[in-house]
Amino acid sequence: MPVADSAPLRRERMAASIARRGFARVTDLARELGVSEVTVRTDLAALESDGRIARVHGGAMPKGLVAERESSLEQSRARLTRAKEAIAAAAAAEVRSGKSVLLDVGSTTLAVAHALVARADLSELVVVTNGLAIALALEPAIPRFTVVVTGGTVRSLQHSLVNPLATTLLDDVRADLAILGATGVHVEHGVTNVNLPEAEIKRRMVASAARRLLVADSSKIGQAHLGRVAHLDEIDELITDTGLDEGDATALAVAGLRVRAVSPRRR
């Protein structure tokens, strides 16, 4: 876009670009709009003052997206344990022998791994994961399962593998099913994750699977975070718990996302 365009018009284009992407870097906006990074920062300050965007390190995101400190895998596992176990059991029930599964990193997907191992009827299952804790959880099922780890750089907080190199394997596979976790599921902003490197791997898993299943407890619904994972229409089904707000459930269904809420088992 030429520098000669008026500031109000340029800022409208900028706000639209940020809304579309979920997060936009200063450098990318400068290149897209044909202006200097100084001009972009000035425009972002004006948009933030108007309450239209939120500035974060290196760029900006739409107003209302949540930027928060990421929990460790151990902290996440300790929350809503029974709900996650019920979600995991429902997701594991979707898996069939002789199939291939991409199993994402996260506390709920770790529960899925345990649920898969508990299914003595499953055999000849190939599971590809970027989670070190998940790979170890699946180990007792070998040789019934073939467990493949993506490789990549270790993130200690989630015991996950990210780029560089984590997507090299995913570029060359086409799995029957991807079981994904996320920290946010929002009608407008779609499926998001608080951590950008892991969001990148999740996006690649979405692209590499014939069917995509999202597992997320009800506390994640209505939340939106920095890293976009997928639009709602890219997900085949969301499995969550019965703590889901009725209004949120209706809104997600209207947006085209199939939602299944499962009840925790009694102990």
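1. Two strands count as paired here if DSSP finds at least two bridges between them. With that in hand, S100 is a good place to start: this residue of strand β4 (residues 100-103) stands opposite V126 in β5. Please keep in mind throughout that the model is predicted.

2. A few overall values set the scene. The protein chain has 267 residues, and 49% of them count as buried. Its secondary structure comes to ten helices and 15 strands. Taking contacts between residues at least 6 apart in sequence, 66% join residues at least 24 apart. The chain exposes about 12300 Å², of which carbon and sulfur atoms supply 51%.

3. Which strands make up the open sheet of seven, and in what order? The order is β6-β5-β4-β9-β12-β14-β15, and the pairing is parallel. The edge positions belong to β6 (145-149) and β15 (259-262); each has a single partner strand, so one side of each is left without a neighbour in the sheet. From one strand to the next, the twist averages 20°.

4. Two helices deserve a look alongside this sheet. Helix α5 (residues 81-92) packs on the sheet and touches β9 (175-180), β12 (209-215), β14 (237-241) and β15. The direction of α5 makes about 145° with that of β14. Helix α6 (residues 107-118) lies across β4, β6, β9 and β12, and α6 runs at about 150° to β4.

5. Back to β4, which is joined to strand β5 (residues 125-129) by four bridges, the two running parallel. Within this pair, L102 stands opposite V128, and S100 stands opposite V126. Are the side chains of β4 buried or exposed? S100 and L102 point one way, V101 and L103 point the other way, and all of them are buried. That fits the usual pattern, in which side chains of a regular strand alternate between the two faces of the sheet.

6. I would also draw your attention to V95, in the loop between α5 and β4. With a relative accessible area of 1%, V95 is under the 20% cut-off and therefore counts as buried. What does V95 touch, leaving aside residues up to four places away in sequence? The list is V101, L116, R119, L122, L125, L177 and I179. V95 also illustrates a link across the sequence: D176 is 81 residues away along the chain, yet the C-alpha atoms of V95 and D176 are 9.4 Å apart in space.

7. There is a second open sheet worth describing, with three strands in the order β10-β11-β13 and antiparallel pairing. Here β10 (184-186) and β13 (227-230) are the edge strands; each has a single partner strand, so one side of each is left without a neighbour in the sheet. On average, neighbouring strands of this sheet are turned by 35° against each other, direction ignored.

8. The pairings within the three-stranded sheet can be followed residue by residue. A hairpin of three residues joins β10 to β11, and three bridges link β10 with β11 (residues 190-193) in an antiparallel run. One pair to check in the viewer is H186, whose bridge partner in β11 is G190. On the β13 side, β11 and β13 pair over three bridges, again in the antiparallel sense. There, V191 has A230 of β13 as its bridge partner. Helix α9 (residues 196-207) lies across β11 and β13, and α9 runs at about 15° to β13.

9. Finally, a point about the surface. Which residues form a nonpolar patch there? They are L132, V149 and V154, which have about 220 Å² of accessible area together. L132 is found in helix α7 (residues 132-138). Its relative accessible area is 32%; this lies between the cut-offs of 20% and 50%, so L132 is classed as partly exposed.

Notes. Residues are numbered from 1 along each chain as its sequence is written. This is a predicted model: local features need pLDDT of at least 70, side-chain atom pairs count only at pLDDT 80 or more; totals for chains, interfaces and linings use all residues. Side-chain values use heavy atoms; hydrogens and water are left out. Axes are lines fitted to C-alpha atoms, for helices over the stretch in contact, and angles run from 0 to 180 degrees between N-to-C directions. Contact means heavy atoms within 4.5 Å. Patches are made of residues with over 30% relative accessible area and no salt bridge: like charges are joined within 9 Å, nonpolar side chains (Val, Leu, Ile, Met, Phe, Trp, Tyr) within 5 Å. Accessible areas come from the Shrake-Rupley method with a 1.4 Å probe; for residues, only the protein chains shown count as cover. A salt bridge is a side-chain nitrogen of Lys or Arg within 4 Å of a carboxyl oxygen of Asp or Glu. Buried means under 20% relative accessible area, exposed over 50%, partly exposed in between (1.4 Å probe, protein chains only).
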